[in-house]
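Keep the sequence and the three-dimensional view side by side while reading. The paragraphs below go through strands, helices and a few single residues in turn.

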Amino acid sequence: MANKLISLAELSRTTQKTLARGASEQLPPGAAPTLQDLTECLLFSPGDGRIWLNGARMLLMHSSGLGALRRELIESMGLARARGIMLRTGYHCGARDAALVKERFPEADTLALFAAGPIIHALEGAVKVEPVHFEFDMNLGTYYGEFLWHHSSEDDEHIAQYGIGTEAACWMQTGYATGYTSAMVGRLILYREVECRSMGANICRLIGKPAEEWDDAEEDLADLNAEPFVGSSPRSTTARNSGDKGALPSTPQPDPAPSQDSDMVGISSSFNAACHMLRRVAPTQATVLFTGESGVGKEMFARMLHRISPRHDAPFVAINCAAIPETLMESELFGVERGAFTGATQSRAGRFERADGGTLFLDEIATLSLVAQGKLLRALQEGEIERVGGSRTLKVDVRVVAATNVDLREAARRGEFREDLFFRLNVFPIHLPPLRERKEDIPLLMTHFLHRFTQRHGRQLSGFTPRTADTLLGYDFPGNIRELQNLVERGVISAPDGGAIDLAHLFTSGERLAQPMFSIGTRGVLATTSDDQPPAGATTEAPTAPSEAIHTLFGGKDPSRLSLQEIEDAMIDHSLAEVKGNVSEAARRLGLTRAQLSYRLSRRPSNE
Ligand SMILES: [Zn+2]
């Protein structure tokens, strides 16, 4: 327990170190990162065909090339969709740069990190940014920023193609500012160009503030959401053709505001690729197989598929195959006739019958027994079923949608899954990316869940504290969206009214954010993973957020600049210190055998 108190005290000291509010006028001259610091992150490696910005691969391309792409987009899909694509592309770049700057300058204070956005945006050649004024208070969740843009390359290209018009045209740059600031603040900060050269102004003027503070932000939000699905539409009527929109059912939608209650939120390319596929397959009768880790939202996608399909007025019936005992599976799926077996006192329809005319969603399909797989295959092939104990054949019209978090092809190879059923289900597979591969969506999802749960629980909260936002943005979310959703809901309930959600509110006592484990990620930078719940009776530990844990572990040094040996030594020392030198226990925590740890210790120079 004493251990826990000390760690909590340490945590609160860290908060004091983080500057939670500031304004552009307070920035001390020469505060890092400066233009020089940021320029040093840029590395040309010409012989190798690569350009790097601190580990992120960049491209040097013709501004007119982007202008040509822009024109193609506008011509082929209309202004509104083209604008959305450019905006989201910019958002992606801005959010990436924010993550990169935070990672490269972990010691910089928040104000300087905000100020780095315009510098790096200019460094990349899109535009010269002149900050007029910006201010933020992370505890209150407020932000206001006003900037001037000089000689925007996007305006040059737009004006060259289309001349001066009536709407702002720096779409990608506006997206960049939105992405950068949102990733800094941890909630959606929307920017708009209130003046733009493409509207005949001498200079572009940009204003950014939280989405809720703009009038009719729905339009901007629709642009940020690549797939509005039902209930929202692009604001511009200048679209020359409707593109994929034609695939939507033309009947009036029953649900007035589905984007509010659905978690289909995201602008990342991997998420949107999945959305595009969903929209394409929805109007057909094809069987769809959703794959992806637990918690990525497979059922949510299945429900949306049903909702935008021509079957949307008929039932959507879901069954989790892993939750039904094997002996009951057949009667669950196909129903049962009275007297079929002891206890079957009356006839009952199965899920297939109940889904007639609609969609049947089979979650965790890989857990079906081989016998049940055979019966399912027959139902799919023949379009007819027989109740257990019945002799009648019933025709059913059901669209089957399945989901799995295991590799069915591999399971089929091992003989655990019928190959013929796999091919029958795998007509149109849609892979849903894990949250760690769409980190730029985290600020949007944080805002989305915060909004939902403050409403649901009747709470008034200002948002997330900086270190909470930082931790969530840096975390790998092994439990995916479901984990983020649970964390935010818990935070909303635990935080004091009128205050902000802090780390301590996410991890209630008796629980821990899993013992952080460290591994070298694909980028050569330390990444954290975590085991799930602690085993019963495990000692509870202070809620340590991954990024802070790393910070403590390496004495504030940037882990990406340490050698593998230094990292290993630090982890071993840390574990040994935590268990007061107990080698067996330290080995267990490190995932090593005692012998492996002893060997590593014996290789060290003899100062130990
Ligand atoms: Zn402009």
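In strand E13, Thr359, Phe361 and Asp363 point one way, while Leu360 and Leu362 point the other way, and all of them are buried. The model shown here is a predicted one. A residue counts as buried when 20 or more other C-beta atoms lie within 10 Å of its own. Strand E13 covers residues 359-363, and because 5 of its 5 residues are buried, the strand is largely enclosed by the rest of the structure.

Which strands pair with E13 in the parallel sense? One is strand E10, residues 316-320, which runs parallel to E13 and is joined to it by 5 bridges. Within this pairing, Asn320 has Asp363 of E13 as its bridge partner. Another is strand E16, residues 399-404, which pairs with E13 over 4 bridges, again in the parallel sense. There, Thr359 is matched with Arg399 of E16. In general, the strands of a sheet pair through backbone hydrogen bonds, in either a parallel or an antiparallel way.

From E16 the pairing can be followed further. Strand E9, residues 288-291, runs parallel to E16 and is joined to it by 4 bridges. Thr291 stands opposite Thr404 in E16. E9 also pairs with strand E17, residues 428-431, in the parallel sense and over 4 bridges. In that pairing, the bridge partner of Thr291 is His431 in E17.

Another sheet has antiparallel pairing: 5 strands form an open sheet in the order E1-E5-E6-E8-E7. Strand E1 (21-23) and strand E7 (189-195) stand at the edges with a single partner strand each, so one side of each has no neighbour in the sheet. On average, neighbouring strands of this sheet are turned by 20° against each other, direction ignored. Inside the order, strand E6 (residues 142-150) and strand E8 (residues 204-210) pair in the antiparallel sense over 5 bridges. Trp149 has Cys204 of E8 as its bridge partner. Helix H7, residues 171-185, packs on the sheet and touches strands E5 (128-137), E6, E7 and E8. The direction of H7 makes about 150° with that of E7.

Helix H14 shows how one helix can have two kinds of surroundings. At 1.5 Å a residue, the 13 residues of H14 (370-382) should span 18 Å, and its end C-alpha atoms are indeed 18 Å apart. Which residues of H14 are buried? They are Ala372, Gln373, Leu376 and Ala379. Seen down the axis of H14, these buried residues fall within an arc of 125°, so they line one face of the helix. An α-helix has 3.6 residues a turn, so residues three or four places apart point the same way. The buried residues of H14 pack against helix H12 (326-334), helix H13 (351-354), strand E14 (384-385) and helix H16 (419-425). On the face turned away from the buried side, H14 carries the exposed residues Leu370, Val371, Gln381 and Glu382. After H14 comes Gly383, whose phi is positive, near 65°.

Helix H3 can be checked for length too. Its 15 residues, 63-77, reach 21 Å from the first C-alpha to the last, close to the 21 Å expected at 1.5 Å a residue. Just after H3, Gly78 takes a positive phi of about 90°. Helix H4 covers residues 79-104 and contains Arg81. Arg81 counts as buried because it has 22 C-beta neighbours inside 10 Å. Arg81 and Asp223 are 142 residues apart along the chain, yet their C-alpha atoms are separated by 7.8 Å.

Some single residues are marked out by their backbone angles. The peptide bond from Ala32 to Pro33 is cis, with omega near 0°. Pro33 lies in the loop between E1 and helix H2 (35-39).

Asp216 and Asn480 each have a positive phi without being glycine, near 35° for Asp216 and near 60° for Asn480. Are these residues buried or exposed? Asp216, in the loop between E8 and helix H8 (218-224), counts as exposed because it has 8 C-beta neighbours inside 10 Å. Asn480 lies in helix H19, residues 480-494, and is buried, with 21 other C-beta atoms within 10 Å.

Terms used. Residues numbered from 1 in each chain as written. Predicted model: local features only at pLDDT ≥ 70, side-chain atom pairs only at ≥ 80, totals over all residues. Helix = DSSP H or I, 4+ residues; strand = E, 2+ residues; numbered from the N terminus. Expected span 1.5 Å × (residues − 1). Buried ≥ 20, exposed ≤ 12 C-beta atoms within 10 Å, placed from the backbone. Arc of directions from axis to C-beta. Contact = placed C-beta atoms within 7 Å. Pairing = 2+ DSSP bridges. Axes fitted to C-alpha atoms, helices over the stretch in contact; angles between N-to-C directions.
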